[in-house]
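Visitor: Hi, could you walk me through this one?
Guide: Sure, take a look first.

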Amino acid sequence: MPAVKLLHHADVLACIDDAGTEIADGAVAWRDGVIVAVGSSAQLAPLAQEADEVIDARGCVVTPGLVNTHHHLYQSLTRAVPGAIDASLFGWLKRLYPIWARYTPEDVFAATQLGLAELALSGCTTTSDHHYLFPAGVTLDDSIHAAREVGLRFHATRGAMSVGESQGGLPPDSVVEDEAAILADTIRVIDRFHDAAEGAMLRVAVAPCSPFSVSTDLMRESALLARDKGVMMHTHLAEDADDVAFSLERFGCRPGEYAEQLGWVGPDVWHAHCVQLDAAEIALFARTGTGLAHCPCSNCRLGSGIAPLRAMLDAKVPVGLGVDGSASNDSGHLLAEARQAMLLQRVVHGADRFDPRTALRLATRGGAQVLGRPDVGALEPGKRADIAVWNVADVPSSGAWDKVAGLVLSPPRQARDVFVEGRAVVRGGELVQVRRDAVLRAADRSLARLMTFA
Ligand SMILES: [Zn+2]
C-alpha cells in the first residue's frame, strides 16, 4: 500500500464541507490520491509515523484546490492586443478572430501550457477549457497533451463555430468548420479521451461556441450526442445586451428560451456568463439544475454588465467561477475572480449581501458541482487530494485577522504548494511537473510569430 502524506500545522484548514468546518492548527492526510483523514494536527499526529512525507504548513491557510469552470486557454497568447483592449464583445471578437485563425498546433500547445501554469501557480487544481478554434492541423489533442504535462485535472471541451459571416454569423468564414466534421471529431475525442471514472484526470464535454456562431441544428445535435455519450455540455449564453438582441432578432426568443427549446438545460449543462438573464430564465436554471460559470473580471473588462449572481444563488442555481479566456480578463487568477464576484454584488446589493466565504465556496465546491465533480472541491475523507496551500504570512496577506476571509479580501498572489490527485504540481511557489522557463520560451516563440499577423 502506498505511504501516507501528511500536511500539518496549517494556521487554518478550510474544509469547504457541508458544515463549513474550519480547523485551527489543521492537518490533512492522503494516500494514493485520496484524502484519508482531516483534523487537528494533534489528532493526525499518529499518522506521521507511517508518512513518507510530512509537510509543514505553519503560516498558511489550506483549502481545497480551486476549480475553474470557464477558460479559453489558447487565448493566453492574445492578452492586451491593441484594437481589442477597449472593445465590447462583438467588436473584440472581430478584432481577434483573424489572429486566432493563424494558430498552429504548436501555438495551441504553448498557449495552453502558459495558461495552465498561471492557473496552477495561483492554486487551481481543476480547469475546464472551452476550445472552439480549429485552424489547419489544430485538434483538441494539442491542448490535452499540454494539460497532461502540467498536471492539472482537465475538462477539455470540444467547441465549434459553424456559421460564418456569409451565413449571418459573427466569425469570419475562415475559422468555421463543417457541422458533420464537428460532430465526427467530437465523437472521436470523447471515445479517445473521456474518462467517466471517479478521480478522472481528463474529461471531455461538448461545447458549440455560442448561439451566435453555430446553427440551431448543431446546438440540437450536440445535445443529443452529449446525452448519448453521457458527457456534459457547455456554451456561452446571454453574455451581454448585443447577445440578447441577436437572439431576439435571429431566433425570436430570449437566450434562455432558446437553450430550453434545444435541450440545453439540465444538471449536465453549464453556461458561461449569463449576465443578462431575466427572472424567468433564472427560475428555469434553478428548476432544471443548469449550472453557471460566473466570470466577473471578464464581464467587467468587456463592459458586459453585472450578472444577477445574488438572485441566482438565492434561487439555488449551481454556480462556479471562471477566469474566462486570457484575451478578455487578461489574467487567470481564481482568487481574484472570487474577490471580484464579491465586490460586484456588494456594489449592487450592499456590503452585507455577499461574504468572502461564499465567494471562496464558489471558487471550490461550487465549481466542482458545476463540472459534475462531487469527488473534488472539499477537504474530506474520500475526496480526491486536490489541495492548495496559501502562505498568508507574506506581504499581501499578513495582518489579516480572519485568515479565511483574508484569502478573498487580501489574497496571496500565488499558492505556496498545490497538489492534484495527491501529486505536487507546485511546491514553494514553483512549478514541479514542467519547467517555467521552457513554458515561457515556447510561448515567446509563438507570440513572436502571431504578432506578425497583427
Ligand atoms: Zn468565454
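Here is a chat about the metal site, the surface and the overall fold.

Guide: This is a predicted model, where local features need pLDDT of at least 70, side-chain atom pairs count only at pLDDT 80 or more, and totals for chains, interfaces and linings use all residues. Residues are numbered from 1 along each chain as its sequence is written, and side-chain values use heavy atoms, with hydrogens and water left out.

Visitor: Cool. What coordinates the zinc ion?
Guide: His-70 (NE2), His-72 (NE2), His-236 (NE2) and Asp-324 (OD) do, at 2.1 to 2.4 Å. Donors are N, O and S atoms within 2.8 Å of the metal (3.2 Å for Na, K and Ca); water is not among the atoms, so sites may look incomplete.

Visitor: And how are those donors spaced along the chain?
Guide: The pattern is H-x1-H-x163-H-x87-D.

Visitor: Are His-70 and Asp-324 buried or exposed?
Guide: Both are buried. Buried means under 20% relative accessible area, exposed over 50%, and partly exposed in between (1.4 Å probe, protein chains only).

Visitor: Switching topic: how much of the protein is buried?
Guide: Of its 454 residues, 61% count as buried.

Visitor: So why does Val-347 count as exposed?
Guide: Because its relative accessibility is 65%. Val-347 lies in helix α12.

Visitor: How many helices and strands are there?
Guide: The protein has 15 helices and 17 strands. Those are DSSP runs numbered from the N terminus: helices are H or I with at least four residues, strands are E with at least two.

Visitor: What box do the C-alpha atoms fill?
Guide: Roughly 70 × 45 × 45 Å, taken along the principal axes.
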